[in-house]
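Hi,

Here is the structure I promised to pass on. Have a look through it first, and then read my notes below.

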Amino acid sequence: MSTRIYALPVDQTQWHVPSGDTTIFDWEYDEGRDRLLALYEKGKQKQWNAADRLDWSIEVDVNDPMGVPEQTIAIYGSRVWDSLGPRERGMVRHHLASWQFSQFLHGEQGALICASKIVHTVPGLDAKFYAATQVMDEARHVEVYSRYLREKLRLAYPINPGLKALLNDVISDSRWDMTYLGMQVLIEGLALAAFGLIRDNATEPLAQALNTYVMQDEARHVAFGRLALREFYPELTSAELAEREEFCIEACHMMQERFVGEEVWRNLDVDADECISYMRASEHFRAFRSHLFSRIVPTLNDIGLFGDKMRRTFADMGIIGYERHNLEALIEQDEKIAADLDRARIEEVETAIAHGGAD
Ligand SMILES: [Fe+2]
Ligand SMILES: [Fe+2]
């Protein structure tokens with residue numbers, strides 16, 4: 001993507017992150033673990049081509065890209081919002097959608113790099129096999145978000161500083177489990193909840209379909225992270241586990257604090273401080289922000305990183321209620337919604353061909 005479509009200047013088009021990884025070869029070409037190999041089979045079968053599964057001819061209205069009611073805009077009801085006319089409100093919607101999809105895009109590139117890093121750092125060959133399918137999935141995700149930004153929104157934002165700091169920590173850490181924890185559990189967990197909100201609430205068909213299909217892939221990625229970490233964490237000492245919990249707590253605080261679209265408010269030349277304090281006090285935004293943790297909390301509980309400090313942190317953040325969310329059911333639902341959408345798409349194509357043939 002050319003940096004010309006960025007709303008803000010990008011001082012550096014390449015970001016270099018040093019990492020001291022150790023690459024591990026595995027000479028045991030035996031059968032491997034069944035559940036990982038089953039996931040690998042599924043990863044191979046469920047590949048899809050973003051160029052033809054999505055209808056890129058759909059026109060997107062940049063002044064209302066998601067097709068959602070204005071009550072859902074984070075600053076709706078604020079003094080700033082009330083002072084804006086219809087044209088400026090359209091611009092706020094355009095920039096907010098572009099900021100959000102840009103963060104998805106940069107996060108997906110992080111996932112692409114992390115998945116490839118897992119291929120060379122994880123010890124078992126079966127895990128390397130599965131991670132190889134994930135590399136392809138993540139490349140596809142970078143492809144779809146960058147195409148959506150380029151062709152439909154025609155505007156992009158640079159990476160959010162909080163996301164950049166978190167990616168830097170995850171990528172520069174040489175321990176393989178930290179890549180899984182930071183990327184598959186935290187960053188992708190947050191993204192998954194955000195994709196789900198678009199899938200379930202947007203009325204614009206391209207954004208909705210795109211997020212539905214990405215979620216189908218992510219459901220497998222989360223399953224992979226859980227399998228690997230559930231097996232590995234019981235082997236660690238309590239000091240090692242405490243260090244990982246501390247990392248998660250800091251990352252969750254950062255994500256809660258920093259994802260308020262500050263770059264958009266400053267760029268649009270509205271009162272950014274007022275927008276942010278309005279959002280922080282708003283019931284609607286608080287509910288939205290809590291929902292962003294609805295996949296992270298049950299996953300941390302499931303992999304056994306759920307000591308007293310973690311519980312207290314989540315209770316203070318008002319998100320401890322997600323601890324018992326049924327992850328299996330959510331993953332099954334993500335896969336079913338995507339399969340139903342794809343079936344409907346195929347039926348539509350077949351009907352069109354049948355009618356075309358009858359003419
Ligand atoms: Fe992804
Ligand atoms: Fe992923």
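Does phenylalanine 25 count as buried or exposed? Keep in mind that this is a predicted model. Phenylalanine 25 has a relative accessibility of 60%, so it counts as exposed; the cut-off for that is over 50%. You'll find this residue in the segment before helix H1 (34–45). Together with Trp27 and Tyr29, Phe25 makes up a nonpolar patch on the surface, and the accessible area of the three comes to about 480 Å².

Now to the metals. Glutamate 138 is a bridge between the iron ion (ligand 1) and the iron ion (ligand 2), and these two ions lie 3.2 Å apart.

Start with the iron ion (ligand 1). Its coordination comes from Glu108 (OE), Glu138 (OE), His141 (ND1) and Glu218 (OE), at 2.0 to 2.3 Å. The angles subtended by the four donor atoms run from 88 to 138°, which is why the arrangement is irregular. Along the chain, the donors of this ion are spaced E-x29-E-x2-H-x76-E. Glutamate 108 sits in helix H4 (residues 86–121) and glutamate 138 in helix H5 (residues 125–153), so this pair ties together parts that are 30 residues apart in sequence. Both glutamate 108 and glutamate 138 are buried.

Next, the iron ion (ligand 2). Here the protein donors are Glu138 (OE), Glu188 (OE), Glu218 (OE) and His221 (ND1), and they lie 1.9 to 2.1 Å from the ion. This site is square planar, with angles of 87 to 159° among the four donor atoms. The donor residues follow the spacing E-x49-E-x29-E-x2-H in sequence. Glutamate 188 belongs to helix H7 (residues 176–201) and glutamate 218 to helix H8 (residues 205–232), so the two tie together parts that are 30 residues apart in sequence. Glutamate 188 and glutamate 218 are buried too.

One more residue to look up is histidine 95, which is in helix H4. Its relative accessible area is 10%, so histidine 95 is buried. What does histidine 95 touch, leaving aside residues up to four places away in sequence? The contacts of histidine 95 are Ala7, Leu155, Tyr157, Val264, Asn267 and Leu268.

If you open the model, I'd begin with glutamate 138, since it bridges the two iron ions, and then go over to the patch of Phe25, Trp27 and Tyr29.

Cheers

Conventions:
Residues are numbered from 1 along each chain as its sequence is written. Chains are lettered from A and ligands numbered from 1 in the order in which they are written. This is a predicted model: local features need pLDDT of at least 70, side-chain atom pairs count only at pLDDT 80 or more; totals for chains, interfaces and linings use all residues. Side-chain values use heavy atoms; hydrogens and water are left out. Donors are N, O and S atoms within 2.8 Å of the metal (3.2 Å for Na, K and Ca); water is not among the atoms, so sites may look incomplete. Four donors count as tetrahedral if all angles lie between 85 and 135 degrees; four count as square planar and six as octahedral if opposite donors are over 155 degrees apart and all others between 65 and 115; anything else is irregular. Helices (H or I, at least four residues) and strands (E, at least two) are DSSP runs, numbered from the N terminus. Buried means under 20% relative accessible area, exposed over 50%, partly exposed in between (1.4 Å probe, protein chains only). Patches are made of residues with over 30% relative accessible area and no salt bridge: like charges are joined within 9 Å, nonpolar side chains (Val, Leu, Ile, Met, Phe, Trp, Tyr) within 5 Å. Accessible areas come from the Shrake-Rupley method with a 1.4 Å probe; for residues, only the protein chains shown count as cover. A salt bridge is a side-chain nitrogen of Lys or Arg within 4 Å of a carboxyl oxygen of Asp or Glu. Contact means heavy atoms within 4.5 Å.
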